[in-house]
Each structure stands twice: as C-alpha cells, then as structure tokens.
Amino acid sequence: MTEKLTSSYWSRKQVSRRQLMRGAALGGAGLAGAALIGCSSDDSGSTKVSGNKGGTLRSAPDIELSTTDPAFFTSDAEAAIGWQAGENLIVKQHDLTLSGGVAASWETPDQREYTFKLREGNKFHDGEDVTADDVKFTFDRIFALEAPPAGQLGSLDPANGGSTEVIDDNTVKMTLDKPNAFWLNTLSFYQGKIAPQHDDPGNWGIGKYVGSGPFRMTTNVPGEATQFERNADYWDADNTFFDAIQFYYLPEPETRIESLKGGQLDQVNRLTPASVPEVNASGNARASQATSASYMTLAMNTLIAPFNDIRVRQAVQAATNRDQNLAKVLEGLGAIANDHPIAPNDPHYDSGVAIPGYDPKKAKDLLTAAGYADGLDVPVTTMGAANHEEIALTFQEYARDAGINATIDKKPEDEYWSKWWLNREDVQMLTVNWNGRNPDAALSIVYHGDAPWNETFHQDDALDGLIERARGEDLEGRKATYSAIQKHLVEQAYRVIPVFSSTLMGVGNNVQNIEAHPSRWPFLSRGYFAS
Amino acid sequence: MIEKATTTRPSSVRIKDIFKPFANAFRTPAGRIGLPLVILHVLLAVFGSYLAPYSPTDFSDATYVRPFTDAAEGTIPHILGTDQFGRDVFSRLLSGARSIILISAIGSILGVALGTAIGMSSGYLGGKSDEIIMRVADGLMSFPSLLLALLVLSVSDSLVWLDGVSSVFATGKESILVIGTMAIVHAPRVARVLRSATLTIKTQEYVDSARLRGESAYYIIFKEILPNALPVLAVEGSVRFSYAILLASSLGFLGLGVEPPSPDWGAMISDSRSILTRAPWVPLAPAAAVASLVVGVNLLTEGIRDAQKLPTELPE
Amino acid sequence: MLRFLLVRFTLIFITLAVVSLAIFGVTEVLPGDVAEAILGKSRTPGALETLREQMGLDRPAWQRYVEWIFGVLQGDLGNSLVQDRPVTEILGSRLQNSLVLAITAFLISVPSAILVGVWAGVKQGSNADHTVSVISLVAISLPEFVTGFILIVVFSSTLNWLPSSSLVMPGASPLDRPIILIMPIATMTAVLFGYIMRMTRANVIEALNTNYVRTAILKGLPRWQVIWKHAVPNAMLPTISVISINVGWMLGGLIIVESVFAYPGLGLSLINAVNRRDLPMLQAISLLIAATYAISNLFADLAYAWLNPRIRISS
C-alpha cells in the first residue's frame, strides 16, 4: 500500500533532507558568552519600545521553502518562518547580547550543567502550555533524527554523554559531555525553536507550523506566500506591533529588490551589494547593514577526484583572488577571509596565520605535481541568488591563469539546498553561503566529522579533537587551540573561503525598529510602522 | 498561394541561384538597408572577437564606466562602458554576435532544409502519407516555438548521448539542443509553405512531361520543382532566420542554452537586471544589437519579396 | 458547411492527439530514466524507487500515456511534484492572471491594429504611412524581453512612474492594482499590433488594387463605402488567419513577458516547472497552451469559412 507519490516524496524529503543552515551567532559571542558564565539572567530581553500598533508588514525572503519542521530549517524562508512563529530558549540580539525567549532565566555553575527556568504561562499557538517536556522533546529529536543542528550541538548529544532532563514543568536541565563556553550562544541557533511534544513536527506537512512565537502562521504556500497574524497571547505581545506579516516568494532576487524600491514591499531579507546605492536613493527604502561573520565559500567534494587530492585543493586556494572577490562581488561590503570561519574582529582570530595570496604560478605547479599539467576542468555548481554566481564567476575568471578551466553550472534557486548542496555524487565544487556563528558553532556545524552538514565529506579526527577540546578551555586556551585549527584548515583547504560578507537588509522608510542582524536573521516582530 | 508560377525551363539548382534573391533584394528600398545591415552583423560575427579591444570575460577595476567617457592615459577607451565586473560591454557585444548568429543560421538552415524536403515530397506524392504528414505538422505547429524549445531543454540534462555529439562539435550540449529544437520548430511551417508551392508547381507542363519521360520522383522534386520553388524558399528562409534569432535570444534571456560567462546577448540583458538603474547601458547595448539585426533581416525579407513582386505572403 | 465543420472538428482531435503525444514523448520517453531526470542521480535509492512506484514508471510508456490522457479528460492533471497540490488548484489563479494579460492585450491591439492598418493601406506611400511602417517594423523585430526591458528602464528606473515588477498578492487579482498591468500589456500589445497592422495594411493595399474595387471606384461609389464595404471585407479574410497565428505567438510571448515582469501567470509557472523538473505541471501547462492555440486555429478556420462565401456555399 502506497500513499500518493507526492506526500511520501515530501515526507521523505523532510526526513532525509540535508539542507544548508544559515544563521547563528557572530564571532565575538565568545565574549558575550563569557559574561554569562555562572550568572543568571532575567527576561530583560524586551526593551520597551513605543510604536504604532497595526499594519501588515510585506516581506520577501529567499524563495526555497521545503519544510516547516524547525529541526530541518535550512533556507532563508524556512528560518524566517521560524523567527516569526517560533521561539528559542535564548535569543541573540543585534548587539550580540543574549536575552530570554522561552527561557525566563538560566544559570550554570560550570558551563557544563545548565538549568533553565521557563516562562510561566507561555503557550503554543494551539493553546497548549510550553513546558519542559517540550524543550526536551525539541532537543532529543534533533539527535534521534540526526538533524542538521546535531553538528553544532555535539556537546549535548546523548551519544557523547550529554542529556536533557525535565526537572519540573517549568525547569529543564541540560548536561553537556564537557564544559562549553559557547553553549548559551549556540542555543540561539535558528533551528532551535521549541517544538510541541504533543504535535510532532514530522507530521505537519508544509502548510502547518505550531510554535510559541510572536506571530502565528496562518497559511503557507511554497512558491507563493506565507501569512502570519499577531499572537495576542505572546508573553511580550505589548512589544509586538504589526497586525500581520506577509512573506511573498518572488522569483528572482532582483524583483524582490525592485519591489522594495517601488514601495510594494516593506522589507527584503537580502540585498545585493550592487543594489545598495539604488535602494538608498529610491526614496522608499533604505539599506541596513551589519558587520558579520557570514561568509561565502567554494566547497570541494573531497570524496571524489580531483579534490580528494590535497594538492588540487591547495591549487584552487592559490588560484583564488580574495581582493577581487571583496571588490567585485561584495563591492567592499565585507572582509577578506582566510579559509576558515573565524572573523577578523573575533578575539580568537589569529592574524599570525598567513592568508594565502593569489598565486597562479604556485597553483600551476601544484596541479602539475598532482598530474594535471595540462590544466584542470572543474564544473562549479552555483545559483543565481545570494551572490553565489558572482563568486563562481570571479573564481572562473582568475583561476584561468592558473590553468583551471571552470565551467559554471547554474541551478535553480528554489531547489539549491535540497537537491544540489550536500550532493556527494554529482557535484565536485559548489558555492555556498553561511551565516555567521560563534567559533565553536561555526566549526562544529561543518568541519566536525559527525556533522550532518559536513559539506566537504572529509574525515579528520585530529581536527575533531581540537574542536572538542576548545569548547571547555578558558580564553587563552581557546585562542591557542583555535589558532592551531586555523592553521590546519588553511593547510587542508577543504573549502576556500575568500570573503566574509556584511549583512545587507532592505527596509522600507516607513518601517522602524527592523535592522540588519549580524547573523542575518530577520527579526521582524519588534518592528512597527512610523505612520 | 502562388499566383504567378514561372514556366522557366527546369534546371538544377546552382550556387548562384541561391544568392540571386538576395542580390535582387538589394534593388529594392527595403533591401538596400536590410542587406548591408545583415552583412554587417555577419561580418561582426565572424571577425568580431578579433576586433574586440578587450577580452569579453576579463574583469577589470574600471567598473560601471559610462559609455563614451574618456579613458585613462594609455588605455583603450570603453566605448560602450563596462559592467559591475569591469568587463567591456563593446567587446562582449562583439563576441556575442558569433554565437547567436551561428546558432540561428544553422538552426534555420536545418529547419528549412528539413521542411523543404518534407513539404515538397509530401506535396508531390500526395495521398495518405501527405495527409498524415500534414496532421503531424499541424500538431507540431500548435506549439509556440518557445514552448517546444522549453520542453526539449527541460530534459537536456538526461540526454547523455548528447555529450558525445557536443564534444565532436566542440560546443556546449545546450547549443546543439537549441539548434535541433529550432530545426524541429521551423520544419513544419516551412513544410506547409513548400507543400503549397509544390502543389501549384506540379501542375505545370514541364513537370508532367518529366513524369511521362519516366523520371524518378527524386529527380522531379529536386530538379524540376525545387528550382521553381526557390523564390518562395528564399522568403521563407529569411523569415525563419528572423524567428530563429528571436528564439535564440529569448532562450538566452531565460538562461537556457548558454553557459556563463558566455556573452550571449539575451543573457547579457537578463544578467543586468541587478544593475539596471546604475548601468542602463549594459542591457541597452545588446538590446540595440538584437533589434538592429532582426530589423535588418526583416527588411531583407521585405526586399526579397518586393523584388519578386509576389503578393505578400503570410508570415508563418 | 456541416460537413466542413465535422471535418474540422475531427482534425482538431487528431491535432490534439499529436500534441499530447509530442509532450509525453519529449518529457517521459526521451530522457530515458524519468525518475532520475526528476530527482537527479544521487537521490537516495529509496526516493527514486518511491517516485518510480508512484508515477508507475515500471509500466510501459503507452500505458502511462493513456492513463494520463484519461486523467486529463476527466479534469485530473495530476499533482505538482514541487508544491504537493493538485495542478488544477495551482493553475486556476495562474490561468486567470494570464488571461487578464492576454485578453486585454488582444482587445487593445486587434481593433487598433486593424484601424491603423486600413488607414495606412489607404494612405499608402504617404509620410504617415512610412512612419507607421517603420515603427511597426521595429516593434516586430524586438524580442518581447527587449521591449519589456526598455519599458522598465524608461518608465521605472528613469521616470519612476510605474513599478518594475508586477507583484500580485496571492488571493488577489491583478485587477486590484491595474498599474502593474500597464507595462506587461504594453509589451504584448507592441508586437501583436505590429504584425496585425502590417498584415492588414498589405491586404488592404492588395484589395484596393483588385479589379473588383477599381470597378467600384469607377462606378462612382463614395470612397469610404469602397473602403469599408468592399476593400476591407476582402482584406479581412487573410487577416483573420494572421490573428489566429498571433494568438499562438502571444501564448509564447506570455512566457517571456511574465518572466520579465515576474507576473504570476501560466508562463512563469511553466518556467518554474522546467527549472524544477515538475513533470506533471510541465505537461499540463504545455497541453493547455498548445490546445488553446490549436483551438484558436480552429476558430480562425471557422470564421474564415463563415466569412468566405465561396467556402460557405460550396461545402
């Protein structure tokens, strides 16, 4: 007995989906994390804002939308749905401070055991209370399903000795396998929306989302629109002003920006660097910018030729012109990156690790040593959104002098994460964009051997050991370990990361209190219309 | 329908006969503008890449340069400006001419050849096979050409045998598919036109006498009918060429049939969407190029028609 | 006449059969392994198997074809592989949106093109005629996306009078904000107008040169009567064929215009279906478009036959 094709196709996609996740903490969160060791915090996250109630915010995220199961959120649209209709235990604000979401307060004596007191009277959109059972359910299922966040949540993984316990209805205790200085910061990961135990997200299907967030999702049609209405029972409903939010899925990045400029949209999650001057000059909208550890990368499939050979990967590294990437792709709105995800303004960044320069001759020599004296043909998989194609074009242009003949294989935007990313058979190299995270999360989610999102499919036990060790060390110890990791990553060149990219968000002139977030998260719920 | 079929003596088709309609067209006012315009484009297609001052794909630091601005000391000016990567628009334009004209020309020649063969045979032989062929042709003609192209290109990834063909011709898989699709799209329409021409011509005396002489059908079709169908063929071919260019540029615009960073005119226009306000010359240059080419071909078509003093035909 | 009608209707069915065979053949027979074509090679073997089972790909092609056709005739166009909803549900509003665009463009361009064509034909050789001819030549020489882009650059980017993309909120109708319709309709109208006007003009010129009309002039009939009662009706016959052919062109043009302006109609759905290998959607939309064209040809034939006394009487 078989169900209809599409629904089983759909649910199969949900379970086996490996999708790119975006969003998480920014570098520098180490500091913020340190400040919370041993302290408890209250729910002072809501700064009182006086705004006009009412209005419908019209927003346009990137369009791929395949699931509403928070554990599997990957794309911009999915994450955006989570931010409006769901809520984490802990939320990271624009200034990188942490505030309470579902959790009202927390304490940790040793950065290994964390006790969270949940807000009283907090409810899901279906009326049921949000309890400690739901929190345990949320995290347990991530590990049981081997969902993508399991990578960065390694400290809590039962397989490593971690556990989530229910103490009472409103108290949850997390015990990590070892102390982790970044843990609270990591808990703000965008798949971390607390899910209802009584209504398993695995059964929802694309039209439904049950969360406890400031807005309730009322309809969801992929490729068309998602609608939200204000949740009057939200604990901070006093600071939520829009009556409703609408997401529109417009087919091309340019049409979204054009609609913003023309006043048909109030907010766009992503602006291209080229459009920033135009948006600011449009008279209807402005570009909001935030420094970020978000980055662009060329990920190489280390399982198959030619990138199973480290010399070829290093050749690609030498064939990459980072300055041109910053100048042409980002138009200066970002920073040079060093093939690892720790940003220059992060205290853990080691400026002593040399940045590989653009050296076509060195690349050629490496290729010859690897057996590609006549040059190397590389198909680069990419898509037409989020600056991917520009990165691919720039690589193609400058790698030519190194004897690398790159061809661009452009895929549709609305299936990139579900069909082409993490594709270990058909794809040799592809462009990826990652949102900024704290150093531990950024490394754990993609470089650790156990990470579901290990997009280069490598197995590197030494690296795993370093990543795990760093979590429990003090600042000096961490700096030393991360320095070793940085050197190692530059050497191994699993991925070439040429640039960090600033967050660029487009906001209508009539909209207040919505700004670009360092982790590129669209916090829309506190916004309001000026008139 | 042809009202005045010639009753010239049959002869085999010589090369110069193919060029005659175009030469004649030059005598008409429309052709006087159209033919040089088309020839200019063809020359650009052939020699364009050698004339280009810059490489069409090279990045440079001179981004968003407006057209007709003075260049820095010792550098070649960017006549038509540059895009967001600093690539010279003029050079890209010249390089793009080759692919669009080549693909359109080959596609329409194939389609015309196929359609002529089918249409003449069907018209001459008549009977059941004629009926069947015309029904199939009608069916295929119910597809707007873009739709048929999209259908074929949608499965292009899975056609593995195409890789072999494309490596023989040293070109992309998509180009081969586009050419093939064009041939399929144009053939039925050409077949219809040639079939009606054949129906008229085959009533002529010399055809009868050839048949009585015992000539084979092949001989009659290609040696008697075809030379007299040449005027119609010339017009059809020209019309098909203009449609082929429109189709090729539309497919390029949709991102099908080309690979970045190839300077396909259609793709240049759609890629420029993000910088439309900042650099309107980037899409306007290829737009003008496509427009001038198709205008040229359309004028040429009119010229050919006028030169034959045929009553105006339906466009398809 | 009745016989003529019967013959025509039978032919239409044959044509539609050929159309459906062509669509099915290209999308399901040509690619070899359809499941792989849709999901890609490295999908989990389980997903490939499920897809194969659900689409019944283990059955022979002709069987699947027949099943598809039966479904279509009952109004079941299958489910979109991407959106997990019946195709008919998704296409309902899209079709409406496209119809708004197409019908408006048609209603604007056809009468005006005929009028201008007649006028130009009558004033053949005048400066006005030359101007109109040149403008229409340029109009038909520009691909739709070029026309669209030029309009966007002029009216959106530069003058800021019109929105550059035609955003329609789902559930809303494009008629709620008519301003978004202006540029897409203008783009479609431009080419339609160009073709029909040129055809009409040429036919009118030809009709004016017939003995029949010359006789009427010599008989001393007033000029307007000669034009409108004698020349134009004769000129209309071939013009009707051109109009029906342009319906077909317009359906293809919709695809491009909707893409340029991000207008949520059939054309945009088609492109999405192509990109995402959404087979049922692709097949359904192709069938819809080709069938519409075939049927409009039928109407054109019928109109031609009805207007042409020779056919009406003799059949």
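In chain A of this predicted model, the loop between strand E14 (334-336) and helix H10 holds Asp339(A). Asp339(A) has a phi near 65°, a positive value in a residue other than glycine. Asp339(A) counts as buried because 25 C-beta neighbours lie inside 10 Å, where 20 or more suffice for that class.

A second residue of chain A invites comparison. Leu96(A) is likewise not a glycine, and its phi is positive at about 75°. Leu96(A) sits in the loop between strand E2 (90-92) and strand E3 (98-100) of chain A. Is Leu96(A) buried or partly exposed? Leu96(A) has 19 C-beta neighbours inside 10 Å and therefore counts as partly exposed, since the buried class begins at 20.

The loop of Asp339(A) leads on to H10 of chain A. This helix spans residues 360-369, and its buried residues are Ala363(A), Lys364(A), Leu366(A) and Leu367(A). Viewed down the axis of H10(A), these buried residues fall within an arc of 165°, so they line one face of the helix. The general geometry of helices is relevant here: an α-helix has 3.6 residues a turn, so residues three or four places apart point the same way. What do the buried residues of H10(A) pack against? Their partners are helix H8 (310-318) and strand E15 (376-383) of chain A. After H10(A) comes Gly371(A), with a positive phi near 100°.

Helix H8, one of these packing partners, also borders a loop with a notable peptide bond. Pro306(A) lies in the loop between strand E13 (295-300) and H8 of chain A. The peptide bond that joins Ala305(A) and Pro306(A) is cis, with an omega of about -5°.

Further along chain A, Glu390(A) belongs to helix H11 (residues 388-399). Glu390(A) counts as buried because it has 24 C-beta neighbours inside 10 Å. Apart from neighbours within four places in sequence, Glu390(A) is in contact with Lys328(A) and Val329(A). Glu390(A) and Asp339(A) are 51 residues apart along the chain, and their C-alpha atoms are separated by 18 Å.

Confidence in chain A deserves attention. The average pLDDT of chain A is 87, and 91% of its residues score at least 70. Over residues 1-45 of chain A, however, pLDDT stays under 50, although the model has 142 contacts beyond four places in sequence for this segment. Where pLDDT is low, the predicted coordinates should not be read in detail.

Chain B has 11 helices and zero strands. Of the 316 residues in chain B, 56% are buried. Among contacts in chain B with a separation of 6 or more, 76% are between residues 24 or more positions apart.

The largest nonpolar core contains 329 residues, and the members that touch the most others are Ala149(B) and Ile196(C). Which helix gives the most to this core? Helix H9 (residues 217-253) of chain B does, with 19 residues. Around Ile196(C), and not counting residues up to four places away in sequence, the residues touched are Ser109(C), Val110(C), Ala113(C), Ile114(C), Gly117(C), Val242(C), Ile243(C) and Asn246(C).

Conventions. Residues numbered from 1 in each chain as written. Chains lettered and ligands numbered in written order. Predicted model: local features only at pLDDT ≥ 70, side-chain atom pairs only at ≥ 80, totals over all residues. pLDDT = per-residue confidence, 0-100. Contact = placed C-beta atoms within 7 Å. Helix = DSSP H or I, 4+ residues; strand = E, 2+ residues; numbered from the N terminus. Buried ≥ 20, exposed ≤ 12 C-beta atoms within 10 Å, placed from the backbone. Arc of directions from axis to C-beta. Core = buried A, V, L, I, M, F, W, Y, C linked by C-beta atoms within 7 Å.
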